[in-house]
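Welcome to the tour. Open your viewer, keep the sequence panel handy, and follow along one selection at a time.

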Amino acid sequence: MLGLRGEHGLSGYGVARPCRSGFKLGPVFADNPDVAERLIGSLLAAIPGENVALDVPEPNGAGLELAAKFGLRESFGCARMYHGPAPALPLDGIFGVTSFEFG
């Protein structure tokens, strides 16, 4: 787990969680893409050579660009489904969902 402080408190945090094969990154929440880049870079540096899965919400274009910058590529797709109206989420600050199973 890694957190970064900014002028006004916590500006982002992320977790690299071990799984059966490699690691899952998530959650990764950040105030802006620069903070997310520092978080993801630091998390990846702590697990060199490991397989990594990161689920970036598709509407977060900056997050998708960061994933590509770090050499990650799409290996599967997820669909978000809701009963009723979709919740208002700050997708521009979500660079990695908490769980692939429960978003």
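Start by selecting Pro27, a residue of strand E3. Look at the link to the residue before it: the peptide bond from Gly26 to Pro27 is cis, with omega near 5 degrees. That is worth a pause, as most peptide bonds are trans. Keep in mind as you go that this is a predicted model.

**Next stop: Val28 and the core**

Now move along to Val28 and show its surroundings. Setting aside neighbours within four places in sequence, Val28 is in contact with Tyr13, Gly14, Leu39, Ile40, Leu43, Leu54, Gly93, Ile94, Phe95 and Gly96.

Several of these names come back in the next selection. Which residues touch the most other members of the largest nonpolar core? Select Leu25, Val28, Ala30, Leu39, Ile40, Leu54 and Phe95 to see them; the core has 17 residues. To find the elements that each give two or more residues to this core, colour strand E3 (23–30), helix H1 (33–45) and helix H2 (61–69). Helix H1 provides the largest share, with 6 residues. As a general background, nonpolar side chains tend to be buried together in soluble globular proteins.

**Helix H2, side by side**

Show H2 on its own for a moment and pick out Gly63, Leu66 and Ala67, which are buried. Why do they fall on the same side of H2? They do so because they cover an arc of only 100 degrees around the axis. Bring the rest of the structure back, and you will find the buried residues of H2 packing against H1, E4 and strand E5 (94–96).

Then turn to the other side of H2, where Glu65, Ala68 and Lys69 are exposed. Click on Lys69 in particular: its relative accessible area is 57%, and exposed means over 50%.

**Across to Glu37**

From Lys69, look for Glu37, which sits in helix H1. The two are 32 residues apart in sequence and 9.3 Å apart in space, C-alpha to C-alpha. Is Glu37 buried, exposed or partly exposed? With a relative accessible area of 25%, Glu37 is partly exposed. Show its contacts too: leaving out residues up to four places away in sequence, Glu37 touches Leu66, Lys69 and Phe70. If you like drawing distances, try one from Glu37 to Val97, where the C-alpha atoms are separated by 15 Å and the residues are 60 apart along the chain.

**The largest pocket**

Switch on a surface and look for the largest pocket, which holds about 540 Å³ of space. Of the 19 residues that line this pocket, Leu54, Asp55, Val56, Glu74 and Phe76 are the closest to its centre, so select those to find your way. Strand E4 (52–54) and H2 each supply at least two residues of the lining. Try colouring the lining by class: you should get 12 nonpolar, 2 polar and 5 charged residues.

**Last stop: a loop**

Finish at Cys19, in the loop between strand E2 (9–18) and E3. At 30% relative accessibility, Cys19 counts as partly exposed. For a closing distance, choose Cys19 and Ala45: they are 26 residues apart in sequence, and 17 Å apart in space from C-alpha to C-alpha.

Key. Residues numbered from 1 in each chain as written. Predicted model: local features only at pLDDT ≥ 70, side-chain atom pairs only at ≥ 80, totals over all residues. Heavy atoms only, no water. Core = buried A, V, L, I, M, F, W, Y, C linked by side-chain atoms within 4.5 Å. Buried < 20%, exposed > 50% of the residue type's maximum accessible area, 1.4 Å probe, protein only. Helix = DSSP H or I, 4+ residues; strand = E, 2+ residues; numbered from the N terminus. Contact = heavy atoms within 4.5 Å. 1 Å grid on protein atoms, 1.4 Å probe; cavity = no way out; pocket = protein on both sides within 12 Å on 5 of 7 lines; lining within 4 Å. Points joined across faces, edges and corners; volume = space filled by probe spheres on them. Nonpolar A, V, L, I, M, F, W, Y, C, P; charged D, E, K, R; others polar. Arc of directions from axis to C-beta.
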